[in-house]
Amino acid sequence: MPMEKGLDSSQPNLSGRDMKMTLSLALVTLISAFGSSFQYGYNVSVINSPAPYMQDFYNKTYTDRHGVFMDESFQTLLWSLTVSMYPLGGFFGSLMVGPLVNNCGRKGTLLINNLFSIVAAVLMGTSEIAKTFEVIILSRVIMGIYAGLASNVVPMFLGEMAPKNLRGAIGVVPQLFITIGILIAQILGLNIILGNVEGWPVLLGLTGIPSVIQLLTLPFFPESPRYLLIQKGNEEQARQALQRLRGWDDVDDEIEEMRLEDQSEKEEGQLSVLTLCTFRGLRWQLISIVVMMMGQQLSGVNAVFYYADRIFQSAGVETSNVQYVTVSIGAINVVMTCLAVFIVESLGRRILLLAGFGLCCGSCAVLTLALNLQNTVSWMSYLSIVCVILYIIGHAIGASPIPFVMITEMFLQSSRPAAFMVGGSVHWLCNFAVGLLFLYMEAGLGAYSFLIFCAICLVTMVYIFFVVPETKNKTFMEINRIMAKRNKVEIQTEKEELMDIHTIPAGQAEKKKEISNSDL
């Protein structure tokens with residue numbers, strides 16, 4: 001395999017030495033994130049700006065077919081389906097993660113997944129010409145399946161390829177591209193660009209372009225070395241993949257670390273979701289990802305974006321300029337997530353999680369006060385703007401990007417696909433629930449809805465403080481040993497892990513099996 005230019009291929013990969021970003025690793029990270037994660041973000045916000053024109057299209061199509069105007073309640077139902085089918089599709093996509101990544105590999109799954117996006121893009125882009133709104137709703141389900149797969153497989157793929165000293169930074173890159181996707185959709189959705197009666201089909205159809213680019217370029221990059229060695233048993237391909245990604249020939253230390261992991265898991269094979277949920281040795285890892293994923297989606301981020309327009313209008317922003325304010329919030333989101341990429345390895349995961357949820361908690365509390373007093377105290381509307389910005393910063397540096405990084409790091413190869421299925425399902429179900437219930441909460445509680453989000457952020461922060469360990473610059477096996485103590489299961493030493501399991505006396509077989517399970 002060719003080495004990266006400018007790197008000494010004879011340089012040994014010494015244990016504990018920080019590795020640098022190589023051209024191959026950088027390119028595969030960017031191609032994976034742009035081709036997959038970008039579209040997740042793009043399709044989150046792409047229908048917001050052209051919503052009135054799309055609803056007019058629904059009504060006109062119905063009228064042309066039936067000769068009468070569409071009932072208002074039926075139109076509301078159709079639009080609700082258009083919005084909600086995306087997170088529901090995301091849930092179904094999350095359920096497909098395990099079978100696909102185990103049978104087709106991480107890279108193979110991403111390549112197959114592109115077909116969903118391309119089909120949906122063609123259907124949405126031609127929906128107006130075909131005079132059918134049904135395909136838009138169907139395409140939102142298909143794009144949801146695509147996003148459900150992409151949101152789980154990309155962090156898994158990149159986390160398994162990255163060296164331990166870059167794993168956090170590379171793990172945040174998918175979230176960075178999600179925020180970039182949201183921002184690009186907001187910019188292209190401006191009325192003067194594509195957010196108008198002629199441009200909305202093009203706006204929806206553009207989502208297929210990143211998939212085409214990824215489909216043409218990703219095959220030239222290696223599969224996850226951990227998948228190749230641990231799951232496929234092909235050490236030579238794994239070694240070649242590592243040599244290309246690291247930029248030097250001596251990758252023996254990483255190969256050895258993978259062998260340790262493989263040895264500890266050999267008897268069990270791949271864990272199913274049911275086994276994962278009942279296995280004592282992974283109890284606190286599972287609880288932790290469920291809590292972090294619920295905290296991420298139930299912390300009120302959708303509500304803050306929903307209220308943002310009203311908050312800025314109350315501060316004197318013209319209605320016609322609110323769309324530009326929305327773009328500015330999207331830009332802040334991108335900048336702060338970009339900052340997280342550069343600070344996650346220096347500050348660590350725990351600090352960013354605690355700081356992120358802490359900022360969100362404080363912002364929600366103060367925002368509740370400011371929204372209730374803005375009609376009586378003039379400067380409260382400006383305090384509301386500050387709270388929105390601080391909330392976006394908090395979510396961007398911790399609550400949004402870090403939970404997916406933690407799933408990759410807290411589980412070993414045999415349990416990681418099942419863990420992503422659980423974490424992804426919780427992520428998308430909570431997303432769907434907030435979209436379904438928030439309007440009712442807002443109608444019943446008004447600004448006091450943010451107190452509920454404040455409480456959720458506080459509970460999540462307390463849990464992280466007492467339970468979630470720091471995983472910065474640790475191997476997967478080192479993290480597994482930390483969690484084994486939390487789960488109160490025995491753990492082997494590295495030398496014991498390399499022993500042939502058949503040398504253990506029969507009377508100790510049951511004890512050996514329990515110990516091996518704790519390393520999964």
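**Exercise 1. Work out how the end-to-end length of helix α3 in this predicted model compares with the expected span, and find where the helix bends.**

Step 1. Helix α3 covers residues 72–95, which makes 24 residues, and at 1.5 Å a residue these should span 34 Å.
Step 2. The end C-alpha atoms of α3 are 35 Å apart, which agrees with that expectation.
Step 3. Agreement in length does not exclude a bend, and α3 does bend by about 35° at S84, with a proline, P87, following within four residues.

**Exercise 2. Repeat the length check for helices α13 and α15, and list the buried residues of each.**

Step 1. Helix α13 (residues 252–265) has 14 residues, and the distance from its first C-alpha to its last is 20 Å, close to the 20 Å expected at 1.5 Å a residue.
Step 2. The buried residues of α13 include the nonpolar-named positions I255, M258 and L260 as well as E254, E257, E261, D262, S264 and E265.
Step 3. Helix α15 (residues 283–298) has 16 residues and reaches 22 Å between its first and last C-alpha atoms, close to the 22 Å expected.
Step 4. In α15, the buried residues are Q285, L286, S288, I289, M292, M293, G295, Q296 and Q297.
Step 5. After α15 comes G300, which has a positive phi, near 100°.

**Exercise 3. Explain the salt bridges of D64 and R65 in terms of where their partners lie.**

Step 1. D64 pairs with K60 in a salt bridge whose closest N and O atoms are 3.3 Å apart.
Step 2. Because D64 and K60 are four residues apart in helix α2 (residues 51–66), about one helical turn separates them.
Step 3. An α-helix has 3.6 residues a turn, so residues three or four places apart point the same way.
Step 4. Both D64 and K60 are exposed.
Step 5. R65 forms a salt bridge with E134, and here the closest N and O atoms are 2.7 Å apart.
Step 6. Since R65 lies in helix α2 and E134 in helix α7 (residues 134–161), this pair ties together parts that are 69 residues apart in sequence.
Step 7. R65 is partly exposed, with a relative accessible area of 42%, and E134 also counts as partly exposed, at 35% relative accessibility.

**Exercise 4. Describe the pair R239 and E235, and state which network these residues belong to.**

Step 1. The side chains of R239 and E235 meet in a salt bridge, at 3.3 Å from N to O.
Step 2. Both residues lie in helix α12 (residues 235–246), where they are four residues apart, about one turn of the helix.
Step 3. R239 is buried, with a relative accessible area of 18%, whereas E235 is partly exposed, with a relative accessible area of 30%.
Step 4. Through salt bridges that share partners, E235 and R239 are joined with D252, E256 and R259 into one network.
Step 5. The structure holds 14 salt bridges.

**Exercise 5. Decide why C387 forms no disulfide.**

Step 1. A disulfide needs two cysteine sulfur atoms within 2.5 Å.
Step 2. The cysteine sulfur closest to that of C387 belongs to C364 and is 8.8 Å away, which means that it is too far for a bond.
Step 3. C387 is buried, with a relative accessible area of 4%, while another cysteine, C277, counts as partly exposed at 45% relative accessibility.
Step 4. For the structure as a whole, the count of disulfides is zero.

**Exercise 6. Identify the residues of the nonpolar surface patch and place I193.**

Step 1. The patch is formed by I184, I187, I192, I193 and Y324, which together have about 420 Å² of accessible area.
Step 2. I193 lies in the loop between α8 (167–188) and α9 (200–205), and at 35% relative accessibility it counts as partly exposed.

**Exercise 7. Compare the settings of N473 and K488, for which phi is positive.**

Step 1. N473 is not a glycine, yet its phi is positive, at about 60°.
Step 2. N473 is found in the loop between α22 (449–467) and α23 (476–487), and it is partly exposed, with a relative accessible area of 33%.
Step 3. K488, also a residue other than glycine, has a positive phi near 60°.
Step 4. K488 lies in the loop between α23 and α24 (494–498), and at 67% relative accessibility it counts as exposed.

How values were computed. Residues are numbered from 1 along each chain as its sequence is written. This is a predicted model: local features need pLDDT of at least 70, side-chain atom pairs count only at pLDDT 80 or more; totals for chains, interfaces and linings use all residues. Side-chain values use heavy atoms; hydrogens and water are left out. Helices (H or I, at least four residues) and strands (E, at least two) are DSSP runs, numbered from the N terminus. The expected span of a helix is 1.5 Å times one less than its number of residues. Buried means under 20% relative accessible area, exposed over 50%, partly exposed in between (1.4 Å probe, protein chains only). A salt bridge is a side-chain nitrogen of Lys or Arg within 4 Å of a carboxyl oxygen of Asp or Glu. Patches are made of residues with over 30% relative accessible area and no salt bridge: like charges are joined within 9 Å, nonpolar side chains (Val, Leu, Ile, Met, Phe, Trp, Tyr) within 5 Å. Accessible areas come from the Shrake-Rupley method with a 1.4 Å probe; for residues, only the protein chains shown count as cover. The bend at a residue is the angle between axes fitted to the seven residues ending there and the seven starting there.
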